[in-house]
Amino acid sequence: MFYVAKRFWPAGTLLVLSIATAICGVSYANDASIPKSEVKDLYYGKGLYDFFQADYFSSLTQLLVAKETGRLDQNEDEADLLLGGLYLSYGMLNEAESVFLRLAKNMTAAHTKNRVWLRLAEIFYRRGRLQRAHEAVDNISDNAPADTATRKAVLLASILIREEKHEQAVATLIQLKQDKTISHFDRYNLGVTLIRLGRLQEGEQFLNILGQQHEKLSEEVGALKDKTNLVLGYSALQHNIREQAKAYFARVKVYSPFANQALYGLGQALYDAGQYEDALRYWSELKKRDLRGPAVLESLIALAGTYFQLQAYKQSLASYSDATAIIQRELKEIDTTIERIRHGELLTRMLSPSQANATPVGEVESRLIPVSLRQHYMTQFLASHEFAEAVKTYNDVNFYVEHLRRWLSKTAMFNDMLHLRKQAFNDRLPATLRRYQSLKPEQLDRKYARLTDEIKSIEKQNDAMALATTDEMGTLQRLSETRHRLEKLEHYLTPMDHKTRSEKYRLLRGLLVWRLGTDHNPRLHGAKKSQKELGEHIAEATRLRTALLSAQRDAPATFDRFQLRIEQLNSRASRLSVAVERVAEEHKAKIEALVIEKLERRKARLSRYLEQAQFAVAQIYDIAITPPSDETP
Amino acid sequence: MHKHASHWYRRLFLILAFAALTCASSAAQQDEDTPQDQTKTASMSLNDRTQALKKEVLNLNRDLFILEEELLFPSNTQVVVFLSLDVGTLFALDSVELKLNDTTVAGYLYTARELDALRRGGIQQLYVGNVRSGKNELVAFFVGKGPHDREYRRGTHIVFDKTSSPKYVELKIADDPKSQQPEFVVKEW
């Protein structure tokens with residue numbers, strides 16, 4: 001019954017692809033790699049502000065601008081650490097590597113250094129440079145914090161597996177068995193890896209911890225738990241531990257996305273035990289479910305095969321006919337879907353410019369996957385790391401296309417702005433120059449020096465009269481004239497009258513002199529203060545005059561430099577815009593080819609099923625028309 | 001039947017085996033022995049080209065950003081106001097209003113996400129603009145919930161001297177553990 005034997009291939013494939021997603025869905029920008037150090041540079045803090053809001057492109061831009069303009073004095077290493085992580089998120093491994101290598105060389109804080117080496121090890125591993133990856137892992141301290149130590153062990157095991165040093169890999173993995181800091185996804189992957197390496201018991205122990213989780217789980221972890229039980233179930237089936245397999249499958253929730261595979265597995269366990277009728281019960285249950293579910297089509301063929309096994313040819317024929325009809329419909333729909341993809345429907349629907357900026361490498365949201373593709377067992381592939389990476393890059397590149405378009409329109413605006421500024425400068429310059437040209441700094445300086453000397457002299461001679469106000473000077477003048485007049489009138493006035501008037505003069509003058517004397521110190525202080533302010537005003541006026549003169553001299557060149565920069569940047573943006581659009585098209589074609597290739601494989605598989613079903617139907621007809629042997633003469 | 005069943009279990013686990021611990025191996029190995037190998041080789045160069053383009057775009061973006069800043073906010077008139085939170089448990093910020101020389105230049109209402117970014121050490125660039133050189137007055141009003149969940153509105157001000165260098169002012173909301181009250185600090189950089 002070859003048709004039963006091959007039936008679970010698609011579901012298995014999906015399972016594995018989703019594992020890859022779980023493994024690779026590490027967001028380099030969003031983990032705990034941000035050092036918890038004091039933010040001392042405003043612009044590093046600004047980069048962090050964007051980063052914490054998942055606005056990675058702005059964060060990256062802010063950090064690059066801050067570095068270029070020398071605004072990172074104290075947090076430069078931390079900024080580089082963040083920058084390196086962001087480069088990794090954007091798939092810029094070369095940049096990330098050079099940033100982390102520099103940090104590894106320069107950083108002294110052990111905690112941060114461990115993280116840097118971990119990042120480097122990941123980069124080297126991703127690039128297949130295993131020796132360098134090994135060296136980087138060796139540089140991570142044995143006393144590293146728990147989360148770093150776990151990542152170190154996981155990475156080391158991965159390297160050892162790639163180096164085919166399986167025993168060492170197993171030894172490394174087993175150490176992690178009771179590790180409480182290990183993530184559910186890592187636990188899942190490590191368990192699967194152990195099983196793959198033939199360490200069934202240890203692998204199952206690893207996975208069982210996850211498979212038996214009872215507390216309230218998030219939707220994501222709940223799905224992972226179901227998937228874990230599915231893996232455990234099929235692992236047990238492979239080793240003919242059927243009762244155990246059934247127990248694992250029974251743990252999968254009825255409405256889980258993996259329920260169909262679990263039901264299928266339950267049927268398989270019963271089938272393998274020769275309990276065909278019980279197996280039929282489960283597979284018949286599957287038949288009632290969505291016919292496009294991953295395991296349902298396989299179950300239809302399995303069902304037909306089992307009926308055949310039980311010599312229930314009528315039911316077997318009916319099941320094969322159902323399966324044939326479904327397969328033919330599927331094949332037609334796949335053709336339509338391929339056609340739609342070729343007309344660009346896939347990426348038009350999935351492209352999300354706002355996401356491109358904010359989302360680091362990760363899963364593609366299932367809601368963005370066109371319905372026409374969701375039905376073809378493609379969901380898991382479309383959510384796989386491989387596909388997510390491709391779509392992420394495509395989204396990034398498209399985001400750049402839009403971003404460059406915006407800059408191109410802005411550079412046109414910069415040009416207008418510069419033109420207006422140039423015009424305003426030329427319009428205002430003559431009048432301003434006239435105003436400032438009358439300003440003679442040398443004369444001002446001389447006058448200021450004279451004033452300074454005068455104040456010094458007043459202070460030295462304690463000359464209160466010199467600080468009299470204009471009114472007081474006027475009064476003094478009037479008093480002096482009065483004295484002259486009194487002297488002239490002495491012979492015309494009675495002695496008594498002259499004496500009274502002279503006394504009045506003396507009193508008034510004395511009053512004024514007394515006021516000037518007692519007020520001398522505050523007046524001197526005021527004079528000095530005014531002198532200082534005057535000095536500042538003269539300095540400011542001189543500075544403005546100098547600035548104006550240098551502006552008059554330099555402004556045309558500055559305008560020209562700005563003009564040149566705008567032109568050069570505009571030209572760079574135009575050139576890049578074309579290149580990025582071309583690359584975007586290439587990525588689009590690549591993604592479409594990837595999906596079409598998967599659909600073609602699915603089509604080939606369905607065609608094989610169809611042939612098998614048609615062959616089985618022919619067999620049934622043969623049996624039907626062949627007379628029983630005991631009736632043969 | 002069993003023979004066939006074992007066969008497909010083996011194949012299933014062969015596939016499972018590709019679920020190695022990191023993406024590079026899984027991505028690479030899944031494609032092994034598939035017709036995609038040639039595409040993969042070609043896509044490597046596409047990836048390299050994409051990486052180089054990304055770098056160019058980022059550098060261009062940086063240069064354009066600097067140009068824009070220099071054009072719009074020359075350093076001799078530039079003033080930038082930042083806002084940060086230090087701990088921030090005694091004051092839940094709702095909004096900020098900023099007045100520069102008696103003119104309202106910024107008003108900001110915070111989302112939970114922005115507050116979270118501030119609490120985690122991010123610093124917001126609240127305002128960037130131009131002022132004349134010399135003395136300038138900056139007044140900030142903070143509105144939010146203070147201790148005991150009470151409506152809280154506080155103002156703070158600073159007179160700063162603008163020179164030919166860019167002026168950076170940081171408004172920092174901190175907790176004063178002694179008085180159990182929030183404090184609003186203005187720092188000139």
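Contact, as used here, means heavy atoms within 4.5 Å. The model is predicted: local features need pLDDT of at least 70, side-chain atom pairs count only at pLDDT 80 or more, and totals for chains, interfaces and linings use all residues. Residues are numbered from 1 along each chain as its sequence is written, chains are lettered from A and ligands numbered from 1 in the order in which they are written, and side-chain values use heavy atoms, with hydrogens and water left out.

**Exercise 1. Find Lys54(B) and list what it touches.**

Step 1. Start in helix α3 of chain B, where Lys54(B) sits. Helices here are DSSP runs of H or I with at least four residues, strands are runs of E with at least two, and both are numbered from the N terminus.

Step 2. Check the accessibility. Buried means under 20% relative accessible area, exposed over 50%, and partly exposed in between, using a 1.4 Å probe and protein chains only. Lys54(B) counts as buried because its relative accessibility is 4%.

Step 3. Leave aside neighbours within four places in sequence; Lys54(B) is then in contact with Tyr90(A), Gly91(A), Met92(A), Thr393(A), Asp396(A) and Tyr400(A).

**Exercise 2. Follow α3(A) into the loop after it, and compare Ala54(A) with Gln311(A).**

Step 1. Look at α3(A): 11 of its 11 residues are buried, so this helix is largely enclosed by the rest of the structure. Among them are Leu42(A), Tyr44(A), Lys46(A), Asp50(A) and Phe52(A).

Step 2. See what surrounds them. The buried residues of α3(A) pack against α4 and α5 (76-89) of chain A, and also against β1 (78-86), α4 (112-119), β4 (124-130) and β7 (167-176) of chain B.

Step 3. Move on to the loop between α3 (42-52) and α4 (56-68) of chain A, which holds Ala54(A). This residue is not a glycine, yet its phi is positive, at about 65 degrees. Ala54(A) is buried, with a relative accessible area of 14%.

Step 4. Now go to the loop between α17 (296-309) and α18 (313-342) of chain A for Gln311(A). Its phi is also positive, near 60 degrees, but Gln311(A) counts as exposed at 57% relative accessibility.

**Exercise 3. Trace the open sheet of 4 strands in chain B.**

Step 1. Write down the strand order, β3-β2-β5-β6, with antiparallel pairing. Two strands pair if DSSP finds at least two bridges between them.

Step 2. Mark the edges: β3 (103-109) and β6 of chain B each pair on one side only.

Step 3. Zoom in on β2 (residues 92-100) and β3(B), whose antiparallel pairing runs over 6 bridges. Leu100(B) has Thr103(B) in β3(B) as its bridge partner.

**Exercise 4. Describe the largest pocket and what lines it.**

Step 1. Settle the term. On a 1 Å grid over the protein atoms alone, where a 1.4 Å probe fits, a pocket is an open set of points with protein on both sides within 12 Å along at least five of seven lines; lining residues have an atom within 4 Å of a point.

Step 2. Note the space, about 1500 Å³. This volume is the space filled by probe spheres set on the points, with grid points joined across faces, edges and corners.

Step 3. Turn to the lining of 34 residues; Phe425(A), Ala551(A), Pro74(B), Asn76(B) and Thr77(B) lie nearest the centre. The most comes from α27(A), with 11 residues.
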